[in-house]
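The following exercises ask the reader to work through selected features of a protein structure. Each task is followed by a solution in steps.

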Amino acid sequence: MIFSRFHRLPLKRKLVPVVLVFSCICIVSILLNLLVINIQSTVRAFVVAEGLWSKSEHDATLQLQLYGRTRDPVYFANFQQAMAGPLAYRDAHLELLKHDYDPAKVRAGLIVGGTDVDDIAGLIRLFRCCSRWGAFHRANVAWFKGDQFLSRLQDLARALHTEITQPSPSPQNIAALLQEVDSASKWVRPYADEFTRAFSEGERALLQWLRFLTIAVVSLLILSGLYMTLRILRGVRQSEEQYRVLFNTANDAVFVFERSTGKILEANHGAEGLARTSVEVLLSKRYQDYFPEVGTPGAGVDYLLGNHQATMRVDGLAIPVEIGGSMTHLGKSVVYLAIVRDISQRIKSDAALRVAANAIANMAEGLVIADADHRVISVNPAFTAITGFSVQEVMQQPLHFLMFRYRDATFYNAIIDLVVRTGKWQGELYHQRKNGEVFPAQISISAVFDENNKVLQFVKVFNDISKNKEYEIRLQHLSLYDTLTQLPNRATFHERAQKVVEKAATDNSKLALLYIDLDGFKMVNETYGHAAGDYLLQAVASRLQKCLSAQALIGRLGGDEFAALLANIVDEQEVQQLAGRLLQVMAENISFSGQELSIFASIGVSFFPRDAGSLQALLTNADTAMHEAKRRGRNNVQVFNPDMTINMASRLQMSRFLRQAIENHEFELYYQPCIAMKSTHMASVEALLRWHQPELGDIAPDIFIPIAEEVGLISSITEWVLNAACRQGMRWIAEGLEPIQIAVNISPASFWDTQLPGNIGRILAQTGYPAARLCLEITETALRNQERSKQMLYELNAMGMQLAIDDFGVGYSSLNYLKHFPVNYLKIDRSFVARIVQDQNDAAIARAIIALAKSLDLAVIAEGVETAEQGAFLRAEGCDEAQGYFYGRPMPAAKLATLMRHEVVLNDA
């Protein structure tokens, strides 16, 4: 690799390493010789210093001996002065032995010892580098032994000085000490000689090693220089050969011509093909013969330099070419090198590519082009618009980098293998935008092959199909779920419930089905509008989901009907308790547009497999139980039992008979008189509906009225009653009787019918009966919504009719409506009158109702008076009117007319 790059360098650049090698030879030789000289100088300095140390040690020993013999202090002072140099060298030696020595201490010790300042640095390096090497190590050991002599000599000197300075020194001790001094001096001489020999050997070995190193390095550098020179010469020859091969084998035409004359000096085979002639002919022509744009010889220099397009004239034809021109020197001549390429085909291809590029730039689909290694090399604008990535961010990214992160490499490699084998792949995958958003994409990946069927590029086209997927999901959701409550619709509930039932049959487990129907939902729709009804249904769905477990399957079957399937039931009693809690939750008020809405529900429960062995039977039985709950007053829970099926059949038959009763005029009105308590004369009558069915006989109102409300016939029956009562009143007037007030009961379902005022107005107009003589009795339960009730009551009152609150005290708990509603009468419920004499609580309630009515300027009517005592109590308390069996049972219109005609006083107590 290195030599291949070396061959590509220009000749001048190739010679630079050779020059550097020979320069290094000189520099290394000089440096090594200087090192040898420095070492020799250092060694000489060390030898000189060693001589000084030896002389100082010898002088110190001599002065100490003279001091012992003469006891003259001058000799002791001379001893200490002679020891200063060796001790300083010893301290320097000991400091050098340390790993982190102090150069300042070493330098100070060597200077005191007499070492030349210029040799100190070399001496330190020599000791630090070579003290553990061969002969130098032996010299260092001998030096260390000599240092021990200095310590011993100091100890002897101190002992001798101490002995001499005593008042009576001992000659024997002095002689013994001098003998030890002499012995120590003799002991150290072999180590001094060993130091000198070892150090000399070390010096010779080091110098020999340095000379060998010098010769080796210089030789290596010389060989390297020679090798490089040979490589350069060989490279020059190869370059010439390569140039000739490249020149003649180049696909483009190459012309070399003189600057001054334009004469073609050289041309390759490509020039032959382009000019459609031989090289020999070309060499006889000028460059201007083919390129007239160049002009006269010597001109057009700027035109030739650089790259440009031109027109080449060959045999009268104009060929578009691309020229790359440069100027160089050939000897002393200035020549031009022109590389000419025919671009006719490229111009055609460029035009086609421009069309393709324009199509790619404007296509709505994202386009990614990757190389054979799956690295992105190009994308179109649609790619950036769809993904959010810029062109720079995706260059050289792997082709699958957009794939959603949960797709592994194995999946991607399988796709690429299929593309390589078949040429393309299509499918849908999830991709990821720059912001992390995941979106579905329709993808097509194809491969571009060369003539050897080798993959050159991969082309990926994709389109964001999020909208299509959302539309599909939306359609699927709409087909499976209720659009309002987002609960499973009837079909989805049946499908999923069927699977739950099948699993329960396999596992021998129990299920419970709750069939839930809202009470009075139609009234809410008609009163507040469908927006309120929709909001109410959504609130009910939310409460069902919160109240029931997450495992419960909940669905909206349609209208105001819901169903919930509970799996793995253990205790049926717990299911009933759960349904009871559900009723409490459902009864909580719901706020909508400033209004407080309330709704109740009737729930029917059936169990699998106790009550049914299939889903359809389970639903049917739960529905039957739900209708039983409605029949029993609504807002309660009923568990299915087989008797309900019979009752349901009876109710179905009853509803059929009711429809026939309206058509066949089977209904009849009875009238019960209501007396004025002060005069005991008849004050008004209450119209009571009776039904004699041909097959079943007489049917009580408390049996058929709930069924009529349930099947939606109550409004028609109410309209019939009003029409019949008004016509009867007009007949009584026609018979010459005084007009009497007729009271008609209005059920809650009829009261909430927005068409009620219009129907009554139409009846009054048709019959001619005075509106002031018609009293409408409305139960408290129909007044739950004060605003809507107030509006309806004022509308009815404006028509001139009397209004009475029926069954007062047992229904709506708020008394606020009494001061705002335009009512005329309060009717005390019969449940308070029945024990009014015996029960003080009932008596207190009756008194309170009468007092309340009087304070609000309302008339009071008592129902269900059965005895004289009850009548006497009510008269005494100030009750205005009363009705009951004591005053008269309900009777046909003819019988009542007789009583009215003869002005019969009823039970004057």
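**Exercise 1: A salt bridge at the surface**

Lys-854 counts as partly exposed, because its relative accessibility is 40%. The model is a predicted one.

Task: Determine which residue forms a salt bridge with Lys-854, and where the two partners lie.

Step 1. The side chain of Lys-854 meets that of Asp-880 in a salt bridge, with 2.8 Å from N to O. This satisfies the cut-off of 4 Å for a salt bridge.

Step 2. Lys-854 belongs to helix 29, whereas Asp-880 lies in the loop between helix 30 (868-877) and strand 26; the pair therefore ties together parts that are 26 residues apart in sequence.

Step 3. Asp-880 has a relative accessibility of 23% and so counts as partly exposed.

**Exercise 2: Salt bridges between buried residues**

Task: For the pairs Lys-630 with Asp-517 and Glu-777 with Lys-827, state what parts of the chain are tied together, and classify the residues as buried or exposed.

Step 1. The structure holds 18 salt bridges. In one of them, the side chains of Lys-630 and Asp-517 meet at 2.7 Å, N to O.

Step 2. Since Lys-630 lies in helix 20 (residues 615-631) and Asp-517 in strand 11 (residues 510-519), this pair ties together parts 113 residues apart in sequence. Both Lys-630 and Asp-517 are buried.

Step 3. In the salt bridge of Glu-777 with Lys-827, the closest N and O atoms are 2.6 Å apart. Glu-777 is in strand 22 (residues 774-779) and Lys-827 in strand 24 (residues 825-828), so parts that are 50 residues apart in sequence are tied together.

Step 4. A residue is buried when its relative accessible area is under 20%. Glu-777, at 3%, is therefore buried, and Lys-827, at 0%, is buried as well.

**Exercise 3: Aromatic pairs**

Task: Classify the ring pairs Phe-667 with Trp-720 and Phe-886 with Tyr-887.

Step 1. A pair of aromatic rings is described by the distance of the centres and the angle of the planes. The structure holds 8 such pairs.

Step 2. The ring centres of Phe-667 and Trp-720 are 5.8 Å apart and their planes stand at 55 degrees, so this pair is tilted. Phe-667 is in strand 18 (residues 667-676) and Trp-720 in helix 23 (residues 714-734), 53 residues apart.

Step 3. Phe-667, with a relative accessibility of 6%, counts as buried, whereas Trp-720, at 22%, is partly exposed.

Step 4. For Phe-886 and Tyr-887, the distance is 5.0 Å centre to centre and the angle between the planes is 80 degrees; the pair is edge-to-face. Phe-886 and Tyr-887 are both buried.

Step 5. Phe-667 and Trp-720 also belong to one aromatic cluster with Trp-691 and Phe-704.

**Exercise 4: The surroundings of Lys-460**

Task: Identify which side chain makes a polar contact with the side chain of Lys-460, and which ring lies under the charged end of Lys-460.

Step 1. The side chains of Lys-460 and His-431 make a polar contact of 2.8 Å.

Step 2. His-431 is located in strand 8 (residues 424-432). Its relative accessibility is 0%, and His-431 therefore counts as buried.

Step 3. The ring is that of Phe-462: the charged end of Lys-460 sits over it, 5.6 Å from the ring centre.

How values were computed. Residues are numbered from 1 along each chain as its sequence is written. This is a predicted model: local features need pLDDT of at least 70, side-chain atom pairs count only at pLDDT 80 or more; totals for chains, interfaces and linings use all residues. Side-chain values use heavy atoms; hydrogens and water are left out. Helices (H or I, at least four residues) and strands (E, at least two) are DSSP runs, numbered from the N terminus. Buried means under 20% relative accessible area, exposed over 50%, partly exposed in between (1.4 Å probe, protein chains only). A polar contact is a pair of N or O atoms within 3.5 Å; within protein, one must be able to donate a hydrogen and the other to accept it, and residues adjacent in sequence count only if both atoms are side-chain atoms. Rings of Phe, Tyr and Trp (its six-membered ring) pair if their centres lie within 6.5 Å; planes under 30 degrees apart count as stacked, over 60 as edge-to-face and the rest as tilted. A charge sits over a ring if NZ of Lys or CZ of Arg is within 6 Å of the ring centre and within 35 degrees of the ring normal.
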